[in-house]
Amino acid sequence: MSKQSQSDRYITGMKVRRKVLGDEHVDRAEAKKTAFDEPFQTLITEAAWGNLWASGGISDRERSMLTLALLAALGNFDEIPMHIRATARTGASKTDVLEAFQHVAIYAGVPRANHALKLAKETYAEMDREGKQA
């Protein structure tokens with residue numbers, strides 16, 4: 001997609017995506033993008049990052065906690081490590097994440113919260129080894 005055909009929402013979305021997930025993650029994702037999944041990548045960049053995350057209605061910290069809780073509650077575990085890593089940039093603390101997953105345990109089930117906590121612990125340990133603050 002050329003810069004001239006990018007929508008303002010896409011440009012905003014890419015800025016927010018980089019702010020939350022980090023340049024390294026976004027650059028890796030962009031390098032893997034193909035013609036097949038480009039429309040999907042554009043959709044999530046515009047809708048999730050350029051609309052929802054950019055809304056300013058709640059803080060990035062709160063949005064991070066909500067996102068992690070929803071991912072765990074719905075069993076979408078693949079994205080939990082990515083969003084745990086993002087907490088270093090959104091300001092959601094380990095205590096915040098624990099509180100979010102405790103909510104999941106009560107309202108969506110202990111097994112899902114337990115698995116999410118396992119992934120969070122593994123990811124925090126990796127971040128510590130890499131010297132990246134959680």
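Visitor: Which word fits Asp-60, buried or exposed?
Guide: This is a predicted model, in which local features need pLDDT of at least 70 and side-chain atom pairs count only at pLDDT 80 or more, while totals for chains, interfaces and linings use all residues. Residues are numbered from 1 along each chain as its sequence is written, and side-chain values use heavy atoms, leaving out hydrogens and water. Asp-60 lies in helix H4; helices (H or I, at least four residues) and strands (E, at least two) are DSSP runs numbered from the N terminus. Buried means under 20% relative accessible area, exposed over 50% and partly exposed in between (1.4 Å probe, protein chains only), so Asp-60, at 17% relative accessibility, counts as buried.

Visitor: Which residues does Asp-60 touch, not counting those up to four places away in sequence?
Guide: Contact means heavy atoms within 4.5 Å. The C-alpha atoms of Asp-60 and Arg-89 are 8.6 Å apart, with the two positions 29 residues apart along the chain counted as their separation. Beyond four places in sequence, the residues touched by Asp-60 are Lys-19, Val-20, Trp-53 and Thr-90.

Visitor: And what does Ser-64 contact, leaving aside its neighbours within four places in sequence?
Guide: Ser-64 belongs to helix H4, residues 60–73. Its relative accessibility is 0%, so Ser-64 counts as buried. With neighbours within four places set aside, the contacts of Ser-64 are Trp-53, His-83, Thr-87, Thr-90 and Ala-92.

Visitor: How far apart in space are Ser-59 and Leu-74, C-alpha to C-alpha?
Guide: Ser-59 sits in the loop between H3 and H4. Its relative accessible area is 32%, so Ser-59 is partly exposed. Ser-59 and Leu-74 are 15 residues apart in sequence, and from C-alpha to C-alpha the separation is 22 Å.

Visitor: Turning to Ile-80, which residues does it touch, not counting those up to four places away in sequence?
Guide: Ile-80 is part of helix H5 and, at 0% relative accessibility, counts as buried. Ile-80 and Thr-67 are 13 residues apart in sequence and 8.8 Å apart in space, C-alpha to C-alpha. Outside four places in sequence, Ile-80 touches Leu-68, Leu-71, Ala-72, Phe-101, Ala-116 and Leu-119.

Visitor: Buried or exposed: what does Ala-31 count as?
Guide: Ala-31 lies in helix H2, residues 23–32. Its C-alpha atom is 26 Å from that of Ala-120, 89 residues apart along the chain. The relative accessibility of Ala-31 is 66%, so this residue counts as exposed.

Visitor: How is H1 oriented to H3?
Guide: Axes are lines fitted to C-alpha atoms, for helices over the stretch in contact, and angles run from 0 to 180 degrees between N-to-C directions. H1 (residues 8–21) and H3 (residues 38–52) pack at about 75°, their axes 7 Å apart. Angles under 35 degrees count as roughly parallel, over 145 as roughly antiparallel, 65 to 115 as roughly perpendicular and the rest as oblique, so H1 and H3 are roughly perpendicular.

Visitor: How do the residues of the contact of H1 with H3 divide into nonpolar, polar and charged?
Guide: H1 brings residues including Tyr-10, Met-14 and Arg-17, and H3 brings residues including Thr-45, Glu-46 and Trp-49. Ala, Val, Leu, Ile, Met, Phe, Trp, Tyr, Cys and Pro count as nonpolar, Asp, Glu, Lys and Arg as charged, and the others, Gly among them, as polar. On that basis the contact divides into 6 nonpolar, 7 polar and 3 charged.

Visitor: Which residues in H5 meet Lys-19, Val-20 and Leu-21 in H1?
Guide: H1 and H5 (residues 80–90) pack at about 90°, with axes 7 Å apart, which means that H1 is roughly perpendicular to H5. The residues of this contact divide into 4 nonpolar, 1 polar and 2 charged. Facing those three residues of H1 are Met-82, Ala-86, Arg-89 and Thr-90.
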